[in-house]
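This report goes through several local features of one protein chain, taking each in turn. Please keep the sequence and the structure at hand while reading.

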Amino acid sequence: KIANSVVKPYVDTEAGLSFAGSVGGAGTAGHVIVNHTGTIETTGDGAHGLFAQSVAGQGTAGNVDITLNGSITASGKDADGIYAQSGGGSGNGNITVTVDNGIVTGGSGTGAGVAISSGAANSLVNHGTITSVPGVQGRAIIADAGNETIDNYGTVTGSVDLGTGANSFHNERAGTLNSGTTLSLGAGNVLTNEGTLSPGGSGTILATTLTGNLLQASSGTYLVNVNLGTNEADSTSVSGSAGLAGHVQVANLNAGLAAPGDHRVTILSSPGGITSSGLSLLSPTSAVVQYQLLFPDPTSVVLGYGVHFSPPGLNGNQGAVGNYVSNVQSAGGFPGPGPLVGALVGKPHAHRPAVSAPEGSPRRGREDHEKERGRGGAALRPHHTDSPGGRARRLPPPHHPPLGAVAETTPGIEQG
């Protein structure tokens, strides 16, 4: 039994220094308690940061309780930040891990932030951060044969594999789950999201496979990154069913490469069926990009978005600049207009655009500046020096079908 241990910062290159264990052999193993405050750092391959174990060869294993107020970093290959085990030939004890604050970081390879081995009714409560050296590409939490209950009030980044038991993952209102490629809870087990669920986390496009069911509460947010240049977005594939309330929140990436036209991308699929209970869309306010949630069939949620650089409400000069930008972006774009396009995408209103034409694009004329001074707005007028008499000539507007042309109704989607 180790209680109220205070460990100063140190580095171990061979093996984890924080070890607590009880081995029962043919008898019964004891109860292992670890209350850790401080910093643990290990760098060797397989060097777990904190190793707590109750093992009985033929007898019954005891409970394992870990409470962390501090930080653990096990940066070596196949190293776990916290490794907790309870196993006996005649029965296992319960494993409880509580991260009150701090960061738990596992290593690369098979390493994980927190690893739970065997046990019976196991629980992990996180108020800090659990991740691994590879971040979202690594493993945050792993388990095997026990029944795992995960309550996340902090941040979990990376894949989660809870093994074969009766498992649950509850992402609380204050919690953020930056899921990796895998969220494996087991068939019939439920991921409940009352906080923020974000495949790949901020700024990364990633596809997550969830084995189990998904239930998003009214307070929950499903955060989706959308690459406007490649028409790609985060997605989650749920093996079971999905009940969705709360919000879908959109974050744009590569706005300067936004391609004009109407686009659709699947952000969630669930072959077991989707139930929508007032699911709503939170999207950036933009004069040139409009977003829409679509339900083309009973098993899919699709994000539709239209990029139109000449929206209603522009005057002639502004519309001509918009058409010019649209033609450039349709042709694949080039570096010059990137900042202009990004500014247009981020502008909330179509009138009085506070942007200037970039080098190599139509320039602003004297009369445009005079109009600006007269009304306090910014008028952009394209002109080309090769036009007759030096007068401006407008580029033909590209064809923009309305977003509704690709939007579909919601056949078969059950409304809660």
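## Lining of the second largest cavity

In this predicted model, the lining of the second largest cavity comprises seven nonpolar residues and one polar residue, with no charged residues in the set. The residues concerned are Q216, Y222, L244, V248, I267, L268, L279 and V301; Q216 is the polar member, since Gln is not listed among either the nonpolar or the charged types and the others count as polar.

The space enclosed there amounts to about 40 Å³, and the cavity is one of two of 30 Å³ or more that a search of the whole structure finds. V301, one of the lining residues, falls within the range of strand β31, which covers residues 300-307.

## The β30-β31 hairpin

Strand β30 (residues 289-294) runs antiparallel to strand β31 (residues 300-307), and the two are joined by six bridges. Together β30 and β31 make a hairpin, in which five residues lie between the strands. Within this pairing, Q292 has G304 of β31 as its bridge partner.

As a general point, side chains in a regular strand alternate between the two faces of the sheet.

## S283 and its contacts

S283 is found in the loop between β29 (280-282) and β30, and with a relative accessibility of 30% this residue counts as partly exposed, because the value lies between the limits of 20% for buried and 50% for exposed.

When residues up to four places away in sequence are left aside, S283 touches V250 and Y291. For the first of these contacts, the C-alpha atoms of S283 and V250 are separated by 4.9 Å, although the two residues are 33 residues apart along the chain. Y291, the other contact of S283, falls within the range of β30, residues 289-294.

## The salt bridge

The structure holds one salt bridge, in which the side chains of E194 and R173 meet at 3.7 Å, N to O. This pair links distant parts of the chain, with E194 in the loop between β18 (190-193) and β19 (196-197) and R173 in the loop between β16 (168-171) and β17 (176-184), 21 residues apart. In general, side chains of opposite charge can pair when their charged atoms come close.

Are the two partners, E194 and R173, buried or exposed? E194 has a relative accessibility of 19% and therefore counts as buried, the cut-off being under 20%, whereas R173, with a relative accessible area of 63%, is exposed.

Methods
Residues numbered from 1 in each chain as written. Predicted model: local features only at pLDDT ≥ 70, side-chain atom pairs only at ≥ 80, totals over all residues. Heavy atoms only, no water. Pairing = 2+ DSSP bridges. Helix = DSSP H or I, 4+ residues; strand = E, 2+ residues; numbered from the N terminus. Salt bridge = Lys/Arg side-chain N within 4 Å of Asp/Glu carboxyl O. Buried < 20%, exposed > 50% of the residue type's maximum accessible area, 1.4 Å probe, protein only. Contact = heavy atoms within 4.5 Å. 1 Å grid on protein atoms, 1.4 Å probe; cavity = no way out; pocket = protein on both sides within 12 Å on 5 of 7 lines; lining within 4 Å. Points joined across faces, edges and corners; volume = space filled by probe spheres on them.
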